[in-house]
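This report looks at one protein chain, moving from its main pocket to a central strand and then to its charged side chains. Please keep the sequence and the model at hand while reading.

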Amino acid sequence: MDLAYVESLVRKHYGIPAHAVRLSPGPDENFRLYANNDSGHVLKVMPAGDSPAKAYLLPSVLMHLERSAPDLPVPRLVRTKEGLAQLSIHDAAGVPRQVLLLMLPPGKLLLATPRCAAQRRVCGMLLARLGQALRTFDHAGGRREVAWDIAQVPRLAPIIPLVPGLPSLDFLQ
């Protein structure tokens, strides 16, 4: 997706004049937005052809966290000027796509900080709070297999030896 198009989309639908930078590629397209006086935003453009259940999973999770854990430091949904949590657009090829804008929490990214025991402890506490907040969350888009889910290890056992650099496969026994 063209950066100028992303910038005009954010200005038109969210009222935010910002400079867009493409983030690393993935199945969805992500753009970091830089505007005056804010902690930063990320625009997510969901993959073309995503099922409605999958496309609405992330906004549903974030809306649930807004209600159940408003003090948890996670990205927050930014609604459009019309109050929508997610925007439907057509990309340059005319393909329908779902778009959402996230406001990043203030602070440094974890990867930009030195590792230490205190950091691991705080991360564990935050993950526990996140898990507690999501205990009451259910969504049809969340009922799918994800290869990196630890519950999938037995199913992936035959291909794990093909991964170079693994120290030992004894944990599979």
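How do the residues of the lining of the largest pocket divide into nonpolar, polar and charged? In this predicted model, the lining of the largest pocket is made up of 22 nonpolar residues, three polar residues and three charged residues.

**The largest pocket**

The volume of the largest pocket is about 1,000 Å³, and 28 residues line it, with Pro73, Val74, Pro75, Pro105 and Leu109 lying nearest its centre. Several elements take part in this lining, since at least two residues each are supplied by strand 2 (29–34), strand 3 (41–45), helix 3 (57–68) and helix 4 (117–134). With five residues, helix 4 gives the most to the lining.

**Strand 3 and its partners**

Strand 3, which supplies part of the pocket lining, is largely enclosed by the rest of the structure, because five of its five residues are buried. Its two faces are both covered: His41, Leu43 and Val45 are buried on one side, while Val42 and Lys44 are buried on the other. Strand 3 runs antiparallel to strand 2, to which five bridges join it, and in this pairing Asn30 stands opposite Lys44. Strand 3 also runs antiparallel to strand 6 (residues 96–103), again through five bridges, and here His41 stands opposite Met103.

**Salt bridges**

Side chains of opposite charge can pair when their charged atoms come close. The count for this model comes to seven salt bridges, and three of them are set out below with the separation of nitrogen and oxygen.

| Salt bridge | N to O distance |
|---|---|
| Asp28 and Lys44 | 2.8 Å |
| Arg97 and Glu29 | 3.0 Å |
| Lys54 and Asp50 | 3.8 Å |

Where do the partners of the salt bridge between Asp28 and Lys44 lie? The salt bridge of Asp28 with Lys44 has its closest N and O atoms 2.8 Å apart. Asp28 belongs to the loop between strand 1 (19–22) and strand 2, whereas Lys44 belongs to strand 3, so the pair ties together parts that are 16 residues apart in sequence. Both Asp28 and Lys44 are buried.

The side chains of Arg97 and Glu29 likewise meet in a salt bridge, at 3.0 Å from N to O. This pair links distant parts of the chain, with Arg97 in strand 6 and Glu29 in strand 2, 68 residues apart. Arg97 and Glu29 are both buried, and they also belong to a network of salt bridges that links them with Arg22 and Asp91.

Are Lys54 and Asp50, which meet in a salt bridge, buried or exposed? Lys54 is partly exposed, with a relative accessible area of 38%, and Asp50 counts as partly exposed at 22% relative accessibility.

**The segment before helix 1**

Asp2 lies in the segment before helix 1 (3–14) and counts as exposed, at 52% relative accessibility. A polar atom of the Asp2 side chain lies 3.2 Å from the backbone nitrogen of Ala4. Although Asp2 and Ala92 are 90 residues apart along the chain, their C-alpha atoms are separated by 8.5 Å.

Methods:
Residues are numbered from 1 along each chain as its sequence is written. This is a predicted model: local features need pLDDT of at least 70, side-chain atom pairs count only at pLDDT 80 or more; totals for chains, interfaces and linings use all residues. Side-chain values use heavy atoms; hydrogens and water are left out. Helices (H or I, at least four residues) and strands (E, at least two) are DSSP runs, numbered from the N terminus. Buried means under 20% relative accessible area, exposed over 50%, partly exposed in between (1.4 Å probe, protein chains only). A polar contact is a pair of N or O atoms within 3.5 Å; within protein, one must be able to donate a hydrogen and the other to accept it, and residues adjacent in sequence count only if both atoms are side-chain atoms. On a 1 Å grid over the protein atoms alone, a cavity is a set of points where a 1.4 Å probe fits but cannot get out, and a pocket is an open set with protein on both sides within 12 Å along at least five of seven lines; lining residues have an atom within 4 Å of a point. Grid points are joined across faces, edges and corners, and a volume is the space filled by probe spheres set on the points. Ala, Val, Leu, Ile, Met, Phe, Trp, Tyr, Cys and Pro count as nonpolar, Asp, Glu, Lys and Arg as charged, and the others, Gly among them, as polar. Two strands pair if DSSP finds at least two bridges between them. A salt bridge is a side-chain nitrogen of Lys or Arg within 4 Å of a carboxyl oxygen of Asp or Glu.
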